[in-house]
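I opened this notebook to keep track of what I looked up, beginning with the overall build and moving on to charged pairs and a single helix.

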Amino acid sequence: MNFGFIVQSLPLYWKAAQLTLTISVWAIALSLLVGFLCSLAIYYRVRVLKSIVKVYIEFSRNTPSLIQLFFLYYGLTQIGLKLEAELCAVAGLTFLGGSYMAEAFRSGLEAVGKTQIESGLSIGLSRAQLVRYVIFPQAFSVSMPALEANAIFLMKETSIVSAVALPDLMFVAKDLIGMYYSTTEALTLLVLFYLLLLLPVSLLLSALERKVRYGQFGN
Amino acid sequence: MKKTGRILAAMLAVVLALGTFAGCSQQGTQKSSLETIKQNGKIKVGVFSDKPPFGYVDAQGKNQGFDVYIAKRFAKDLLGDENKVEFVLVEAASRVEYLQSGKVDLIMANFTVTDERKEKVDFANPYMKVALGVVSPDGSQITDVSQLKGKKLIVNKGTTAETYFTKNYPDIELLKYDQNTEAFQALKDGRGAALAHDNTLLFAWARENSGYTVGVSSLGEQDTIAPAVKKGDKELLDWVNNELTALGKENFIHEAYDATLKPAYGDSISADDVVIEGGKIQ
């Protein structure tokens, strides 16, 4: 291990970690939004939209994310649409994450028992109140672990964006290996930085889970 | 939080330990490499899949190109059959690792000899000359490196072009790709003003792709390209050097040039601009 090299490359990794984090935050936030809307379309059986969402989910989950990214970055230019690499990265990861998030939300929504809804209606709750006080709290409580797993999955999945020349963590590691051949150091730093990014997120999400699932955990 | 701290510390320890192990394993002693190759009945050679006309995969899925042509001859002279070679496709940035981790016996992936690389692998005598070049679209041709200031220059990770520009022109923004195909596609899509790579590759590419010209045809020092073996593998290294000397007597590298590079270059370049015969620059 060459510690001089490690110290020297720290600033590069630090900058890359920021890019990885930025792309992750955008991708996770947008995936949650897309996933939530898609799950509602399925749950409420919105005509036409429901079928479109189902096709999207299957398409997104059954194609490799790297191919999706390549399609956005290299494929769309063939029809004259040149998107910036950052946009491709966020759009690609959202396309991927949206379907996973949709399924996570749906599992929660469908776990809410019919008796719960009927009980709510029988005590005179309006549709909005039913959603706000009966369906959503229980649905989120069930969805939470899956949503967390998806968020972490998406953060790790950002490692593919180096393929479109975005200087994220993976990119920097491969670049340093290619230029200085310090494979061991570069890869060790890579693992450490991913841990550094992901562990706090993982812990934070666990804490959040306890909060959201007060029904299960107690206050 | 105390528990968290302990988990963190444990993870750190594991990662560092793994790193140290990986570091150690590289110093393992070499068994007789020629024996092993002969025992296996094939030599594993790392070549490019996307650098025509030097190393590429043709429509039938067969490895072709200048490097491949020479590697096949090596196999023929070492093992008696030019098919007793297993081609392993490598990326520019991973060539050193493939040797270090023993995944290939020999790298013939258009590997330019540099001081940094010499510290990690052993180069045999050269078989080719190369310099850097810059290719750009005809409409906005780059004829001098100074024109690149404030623009994006496309390079391939782990190539001499990347190292050269990182060292000598730190203020030119580099757009770095893993594969040649991706880098050239990015140039075609207009993601950068120009692309820097080995001039030998660029001449061939610009001939194939109208609308692009190698505006800067020679940059930096004249370098050489040579086969590389794992550090310390003297046996295979000596064999390759002797082989190159022997091949020089029959002008074999020129034959390889005529078979693979001439169709790509036409008469724009003469063989002696590129080829090194017998492992020595004449």
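Before counting anything I fixed the term: a contact means heavy atoms within 4.5 Å. I also note at the outset that this is a predicted model.

**Entry 1: chain A as a whole**

With that cut-off, I looked at contacts in chain A with a separation of 6 or more, and found that residues 24 or more positions apart account for 80% of them. For secondary structure I recorded 9 helices and 0 strands in chain A, which reads along the sequence as α-α-α-α-α-α-α-α-α. Taken along the principal axes, the C-alpha atoms of chain A fill a box of roughly 70 × 50 × 20 Å.

I then turned to the surface: 48% of the 219 residues of chain A count as buried, and the chain exposes about 11200 Å², of which carbon and sulfur atoms supply 68%. For charge, I listed 16 positive and 12 negative side chains in chain A, the centres of the two sets lying 11 Å apart.

**Entry 2: salt bridges**

How many salt bridges does a search of the whole structure find? The search gives 19 over all chains, and I went through several of them individually.

I began with D175(A) and K176(B), whose closest N and O atoms are 2.6 Å apart in a salt bridge. This pair crosses between chains, running from strand 10 (residues 173-177) of chain B, which holds K176(B), to helix 7 (residues 169-180) of chain A, which holds D175(A). Are these two partners buried or exposed? K176(B) is buried, with a relative accessible area of 12%, and D175(A) is buried as well, at 7%.

Within chain A, I looked up the salt bridge between E209(A) and R213(A), where the closest N and O atoms are 3.0 Å apart. E209(A) counts as buried at 13% relative accessibility, and R213(A) counts as buried at 16%.

In chain B, I noted a salt bridge between D115(B) and K118(B), with 3.8 Å between the closest N and O atoms. The two residues are separated by about one helical turn, because they stand 3 residues apart in helix 5 (residues 115-118) of chain B. Here D115(B) is exposed, with a relative accessible area of 57%, while K118(B) counts as partly exposed at 42%. I also wrote down a network in which salt bridges that share partners join R61(A), E103(A), R106(A) and E110(A).

**Entry 3: helix 7 of chain A**

Having met this helix through D175(A), I went back to it. Helix 7 of chain A has 12 residues and reaches 16 Å from its first C-alpha to its last, close to the 16 Å expected at 1.5 Å a residue.

Why can I describe helix 7 of chain A as largely enclosed by the rest of the structure? The reason is that 9 of its 12 residues are buried. The buried residues include L169(A), F171(A), V172(A), L176(A) and I177(A), along with D175(A) from the salt bridge above.

I next asked what the buried residues of helix 7 of chain A pack against. In chain A, the partners are helix 1 (3-43) and helix 8 (183-212); in chain B, they are helix 4 (95-100), helix 5, helix 6 (160-168) and strand 10. My last note concerns Y181(A), which takes a positive phi of about 60° just after helix 7 of chain A.

Definitions and conventions:
Residues are numbered from 1 along each chain as its sequence is written. Chains are lettered from A and ligands numbered from 1 in the order in which they are written. Side-chain values use heavy atoms; hydrogens and water are left out. Helices (H or I, at least four residues) and strands (E, at least two) are DSSP runs, numbered from the N terminus. Buried means under 20% relative accessible area, exposed over 50%, partly exposed in between (1.4 Å probe, protein chains only). Accessible areas come from the Shrake-Rupley method with a 1.4 Å probe; for residues, only the protein chains shown count as cover. Lys and Arg count as positive and Asp and Glu as negative; His and the chain ends are not counted. The place of a charge is taken as NZ of Lys, CZ of Arg, CG of Asp or CD of Glu. A salt bridge is a side-chain nitrogen of Lys or Arg within 4 Å of a carboxyl oxygen of Asp or Glu. The expected span of a helix is 1.5 Å times one less than its number of residues.
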